[in-house]
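Subject: Structure for you, with notes

Hi,

Here is the structure I promised to pass on. Please open it before reading further.

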Amino acid sequence: MLLPLLRSHPLLHHAARLSSPRARLLLRRDALQLPLLRSPPHPPIRMAASSGSNASSPAPPPPAAVVHKSKIRFCSACGSPTKLAVPDGDEKMRAICSSCGRVHYENPKMVVGCLVEHDNKVLLCRRKIEPAYGLWTLPAGYLEVGESTAAGASRETLEEACADVEIVSPFAQLDIPLIGQSYIIFRARLKTPNFSPGPESLECALFALDDIPFDSLAFSSIIVTLRMYTEDVKSGSIKFHYCTINKRLGASPSDLQSFDIDNHIAV
């Protein structure tokens, strides 16, 4: 009985009509006349506009592909000058030693940090160093060789806020291709209700979600993280987020209009 049912299925009749010579000719003709439209599974979230902007305004064009130019001028093995060239079997320009031929590869830097939750508030630090001196940020910094991302995030929180924390769960991974950085931010809780400014912080404070100083945050990654977290808490469901932050060339790290986000996934 299964075979007759399959033969009578309307989708198979439709497929048969499409497979006829005339239908294939029409499809080829239409393909030549119509542009190919692709709809992403999740529309990109634009975070460059302020809350009072017109939602119906056209979205900016997609960012151009990042073409990285190596800044390595001398070989780390022999000290000779390098030259920019595409190595055999490669497709990207690399810094190659003009003497020993060593190819110098550059990789993105990993930044790790904590979104510390306490009494329905989040812990922020006001930076005492450049860039973004005097602006607020989550405790975060570069991952060290030999430590896990969670251990690095805890260490940075201890260094910048003198806070001993327990990691709860990963909250966000944010890639910033233009500057070669990838962020991993963890939710964490204070082991004891004690914190104070570290050597790189002017002050530390707990902020209720409605009091977060979005106009005085240090970096696009921190703005995006805190906006996602605020939306999650208000919706009653905290998720794990991934996205790409497309910074505009030459923009200040703290410029609220300097970026858009794409490829947002929340699970």
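Below is what I found, going from the whole chain down to single residues.

**Overall**

This is a predicted model, so keep that in mind throughout. The protein chain has five helices and twelve strands. It runs to 267 residues, and 34% of them count as buried. Take the contacts with a separation of 6 or more: residues 24 or more positions apart account for 60% of them. The chain exposes about 16500 Å². Carbon and sulfur atoms supply 57% of that area.

**Strand E9 and its partners**

Start with E9, residues 181-190. Nine of its ten residues are buried, so the strand is largely enclosed by the rest of the structure.

E9 has a parallel pairing with E4 (residues 109-118), over nine bridges. In that pairing, Glu117 stands opposite Arg189 of E9. E9 also pairs with E8 (residues 165-176), this time in the antiparallel sense and over ten bridges. There, Ile167 is opposite Ala188 of E9.

E8 and E9 form a hairpin with four residues between the strands. Look at Gly180 in this hairpin: its phi is positive, near 65°.

**The nonpolar cores**

The largest nonpolar core has 32 residues. Leu115, Leu124, Ile212, Val224, Leu226 and Ile245 touch the most other members. Eight elements each supply at least two residues: E4, E5 (121-127), E8, E9, E10 (201-208), H5, E11 (241-247) and E12 (259-266). H5 gives the most, with six residues.

A second core is separate and has 14 residues. Its members include Leu123, Val165, Leu190 and Cys204.

**Helix H5**

H5 has 16 residues. From first C-alpha to last, the helix reaches 23 Å, close to the 22 Å expected at 1.5 Å a residue. Many positions along H5 are listed as buried, among them Ser220, Ile223, Leu226, Tyr229 and Asp232. Gly236 comes just after the helix and takes a positive phi of about 85°.

**Asp232**

Asp232 sits in H5, which covers residues 220-235. Why does Asp232 count as buried? Its relative accessibility is 5%, and buried means under 20%. The Asp232 side chain makes a polar contact of 2.7 Å with the side chain of His241. Beyond its neighbours within four places in sequence, Asp232 is in contact with Phe171, Ser237, Ile238, Lys239 and His241. Ala266 is 34 residues away from Asp232 in sequence, yet their C-alpha atoms are 9.9 Å apart.

**Strand E11: Thr244 and Ile245**

Thr244 lies in E11. It is buried, with a relative accessible area of 9%. Its side chain and that of Asn263 are joined by a polar contact of 3.4 Å. Setting aside residues up to four places away, Thr244 touches Asp175, Pro177, Asp260, Ile261, Asp262 and Asn263.

Next door in number is Ile245, one of the core residues named above. Again without residues up to four places away, Ile245 touches Ser220, Ser221 and Val224, and also Phe259, Asp260 and Ile261. Its other contacts are Leu174, Asp175, Ile176 and Pro177.

Over to you.

Best wishes

Note on methods: Residues numbered from 1 in each chain as written. Predicted model: local features only at pLDDT ≥ 70, side-chain atom pairs only at ≥ 80, totals over all residues. Heavy atoms only, no water. Buried < 20%, exposed > 50% of the residue type's maximum accessible area, 1.4 Å probe, protein only. Contact = heavy atoms within 4.5 Å. Polar contact = N/O pair within 3.5 Å; in protein donor to acceptor, adjacent residues only side chain to side chain. Areas by Shrake-Rupley, 256 points an atom, 1.4 Å probe, with all protein chains shown as cover. Pairing = 2+ DSSP bridges. Expected span 1.5 Å × (residues − 1). Core = buried A, V, L, I, M, F, W, Y, C linked by side-chain atoms within 4.5 Å.
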